[in-house]
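Trainee: I should be grateful for a close look at the nonpolar core of this protein. Which residues and elements build it?

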Amino acid sequence: MMKRFFQNTQKPEGFLGRMMLRGMNGGHTPLSTWGLSLIYPAPDARVLDIGCGGGANIARLMNLCPLGSVDGIDYSAESVAFSRKKNAADLGKRCEIRQGDVGALPYADASFDLVTAFETVYFWPDLEKAFAEVLRVLKPGGQFLLVCEMDDPANTTWTGLIDGMTVYAGEDLKVQLEQTGFAPVRLLRNKKGWIGLLAEKAEKGLL
């Protein structure tokens with residue numbers, strides 16, 4: 001039963017999935033607050049949150065960019081429904097939330113000033129393809145913020161419970177982002193061991 005519940009961290013479904021999403025919205029607040037403290041987007045920025053889960057970070061990003069818009073995308077239909085409900089007042093105005101795959105983002109090239117991903121890279125099956133898609137949808141000069149609570153591959157506490165989960169070392173993620181074409185890429189840590197990677201897409205003329 002426990003493994004079945006925690007499997008919903010990958011793709012929330014049904015009643016257990018909704019319980020997980022509710023828990024994530026509250027439980028990830030300190031991590032999200034720290035991650036968002038690393039960026040300073042323009043008030044009118046257009047933002048994409050990948051793996052939007054229960055939608056709490058979409059709401060936070062809309063507060064951070066009061067004149068902008070925030071789209072969300074998630075692989076789970078349950079997450080999309082939950083996130084839409086969480087942000088119902090802004091849907092169709094400053095916010096669009098859809099189901100989709102990070103490896104084939106349904107957005108035009110150079111659509112976003114900022115892309116964020118919190119506690120979701122563990123479940124991306126092809127990092128090279130996913131990072132290339134993020135780079136594609138970012139505007140020149142745009143930023144990608146990737147935040148993780150864990151980055152020790154040797155720690156199997158959660159990977160032993162959750163099928164399809166991979167924990168990546170922060171240094172390895174940094175190298176992969178650089179190989180994809182992001183520059184510069186900064187790896188930041190706090191005293192709790194959380195990591196934030198802040199990767200930029202080069203301005204036109206600097207590629």
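Mentor: The account below begins with the whole chain and then turns to the core. This is a predicted model, in which local features need pLDDT of at least 70 and side-chain atom pairs count only at pLDDT 80 or more, while totals for chains, interfaces and linings use all residues. Residues are numbered from 1 along each chain as its sequence is written, and side-chain values use heavy atoms, with hydrogens and water left out.

The protein has seven helices and seven strands; these are DSSP runs, helices (H or I) of at least four residues and strands (E) of at least two, numbered from the N terminus. Of its 207 residues, 48% are buried, meaning under 20% relative accessible area with a 1.4 Å probe, protein chains only.

A nonpolar core is a set of buried Ala, Val, Leu, Ile, Met, Phe, Trp, Tyr and Cys residues joined through side-chain atoms within 4.5 Å. The largest one holds 35 residues, and Ile 50, Trp 124, Phe 131, Phe 144 and Phe 182 touch the most other members. Two or more residues each come from strands S1 (46-50), S4 (112-118), S5 (138-148) and S7 (195-200) and from helices H6 (127-137) and H7 (170-180). Helix H6 gives the largest share, six residues.

Phe 182 deserves separate attention. Leaving aside residues up to four places away in sequence, Phe 182 touches Phe 131, Val 134, Leu 135, Leu 138, Phe 144, Leu 177, Ala 199, Glu 200 and Lys 201, where contact means heavy atoms within 4.5 Å.

A second, separate core has 22 residues, including Trp 34, Ile 58, Met 62 and Trp 194.

Technical notes: Buried < 20%, exposed > 50% of the residue type's maximum accessible area, 1.4 Å probe, protein only.
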